[in-house]
Amino acid sequence: MEIKRIGIIMNGVTGRMGTNQHLARSITAIIKQGGIQVGNDLVIMPDPILTGRRDHALKALADKYGHDARGKAFKYTTDVQGALDGKYGEYDIFFDASGTLQRAGFIEQAVKAGKAIYCEKPTAVETKEAVRLAKLVDAAGLKNGVVQDKLWLPGFRKLNMLKKQDFFGKILSVKGDFGYWVFTGMGNDQPAQRPSWNYRAEDGGGIMIDMFCHWRYVIDHLFGPIQSLVAHGSTDIAERRAENGTPYTCTADDSAYAMFLLEDGTMVQFNSSWCTRVRRDDLLTIQVDGVKGSAVAGLREVKTQAAVNTPKPVWNPDIPQPIDFLGGWEHVPNNIEYDNAFKIQWEMFIKHVVLDEAWNDSLMEGAKGVQLAELGMKSWKERKWVDVPELG
Ligand SMILES: NC(=O)c1ccc[n+]([C@@H]2O[C@H](COP(=O)([O-])OP(=O)(O)OC[C@H]3O[C@@H](n4cnc5c(N)ncnc54)[C@H](O)[C@@H]3O)[C@@H](O)[C@H]2O)c1
């Protein structure tokens, strides 16, 4: 059995996504499971070096997750350029989960060093810049990818299964409802649970740029190409409190409402809000209505109602509702174990780099998400429907 080491520079890992999804639940989990088994003869074993600005924070993560994964601390350094230059060993992949506005600079550094590049979304806040970065890595002939984790969530995999089995028949419409209450931090004992830059446009924040990137690849992969959209955004909460305890003025949209018309005529609506309280099955639910049946997906679970199980409501507000609408749905069972969505995509990217396996989630695909967000802003500001042109 050959064990092939793959060196990964993990940048921005002290952040929320970097620590939880990428370091803990992806790379550490892959090492703990014994690497990525390929056939009977090969195991690919990740070996990360953690990079960032704060030495003590990196050390704490390197100790904790290194010991958890393999009984010895991971390497770490604040010298990102040194890591790219091979000063601390050989590394093939550069991964970035730093703030959105820092992404371009780090990608440019990694391109110069000739690394395979993988990063969080969005790759930029403007389409022009996202396309420039995609072309930069392509021109350098580097393997590259952007996180599109939602595709591997159990709920969406089940939706895909239903679609492939033609459970829906013709799909008529799709309704996505995303969001939850993000505390402002202004009240007692209710600290904010998301980073403050998310609510400042000048720091790359805003719910459209954050969430429309996801809606783009979810819609493209599950329901088909988008022809046009109309969107409206709002800054619902004017003031929040930052991590350092200081109040700040919110300059970014924290709720967004969009209708996406697909090329085949399907209407897809998405409400996205950090200022809404949850009374649905999950933080994100997607209802698909088809001629032969409907389904509602949460992050993990899916409920279905086939045409033959559809109750017949009659409008009569003068009596208590006689139908138990929530009771009329069936549960799609978990017939397999679903792994962490980020980890699945990591394993695919690593196999793409090491074994040249097929890969679709390039920086150019990521740029399509930025494009949808930018077009959403345009529609909102100009108060009109806008078409989605092909990117190139
Ligand atoms: N895929 C998803 O579902 C998902 C979810 C949330 C966020 N994100 C994306 O992930 C990225 C990080 O978001 P987060 O919520 O973890 O934010 P965060 O604020 O928790 O983390 C940002 C990280 O970047 C580092 N950083 C900031 N400025 C830097 C600089 N100048 N140089 C080096 N490092 C710097 C910070 O130290 C921190 O480690 C963002 O681009 C965000 O859009 C993706």
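Two residues are in contact if their C-beta atoms, placed from the backbone, lie within 7 Å. With this cut-off, residues 24 or more positions apart account for 70% of the contacts in the protein with a separation of 6 or more. The views below are taken from a predicted model.

**View 1. The whole chain, with nine helices and 18 strands.** The radius of gyration is 22 Å, close to the 21 Å given by the globule rule for 392 residues, so the protein is as compact as a globular protein of that length. The C-alpha trace spans about 75 × 55 × 45 Å along the principal axes of the protein. Of the 392 residues, 42% count as buried.

**View 2. Domain 1 and domain 2.** The domain assignment places residues 2–149 + 341–362 in domain 1 and residues 153–336 + 371–382 in domain 2. Taken over C-alpha atoms, the centres of domain 1 and domain 2 are separated by 29 Å. Eleven residues of domain 1 are in contact with eleven residues of domain 2. On the side of domain 1 that touches domain 2, four residues are nonpolar, four polar and three charged.

**View 3. The shell around the ligand.** The ligand is surrounded by 20 residues. G15, R16, M17, S98 and E120 are the closest of these. By class, the shell is made up of five nonpolar, nine polar and six charged residues. Helix α1, residues 16–32, gives the most to this shell, with three residues.

**View 4. Strand β14 and its pairing with strand β8.** Strand β14 covers residues 284–290, and five of its seven residues are buried, so the strand is largely enclosed by the rest of the structure. Strand β8, residues 171–179, runs antiparallel to β14 and is joined to β14 by seven bridges. One position to locate in this view is D177, whose bridge partner in β14 is T285. In a regular strand the side chains alternate between the two faces of the sheet.

**View 5. The hairpin of β14 and β15.** Two residues lie between β14 and β15, which form a hairpin. Strand β15, residues 293–297, pairs with β14 in the antiparallel sense over four bridges. The bridge partner of D289 in β15 is S294. Strand β14 thus appears in both this view and the previous one: seven bridges join β14 to β8, and four bridges pair β14 with β15.

Terms used. Residues numbered from 1 in each chain as written. Predicted model: local features only at pLDDT ≥ 70, side-chain atom pairs only at ≥ 80, totals over all residues. Rg over C-alpha atoms; globule rule 2.2 N^0.38 Å. Buried ≥ 20, exposed ≤ 12 C-beta atoms within 10 Å, placed from the backbone. Near = placed C-beta within 6 Å. Nonpolar A, V, L, I, M, F, W, Y, C, P; charged D, E, K, R; others polar. Pairing = 2+ DSSP bridges. Domains from an automatic or database assignment.
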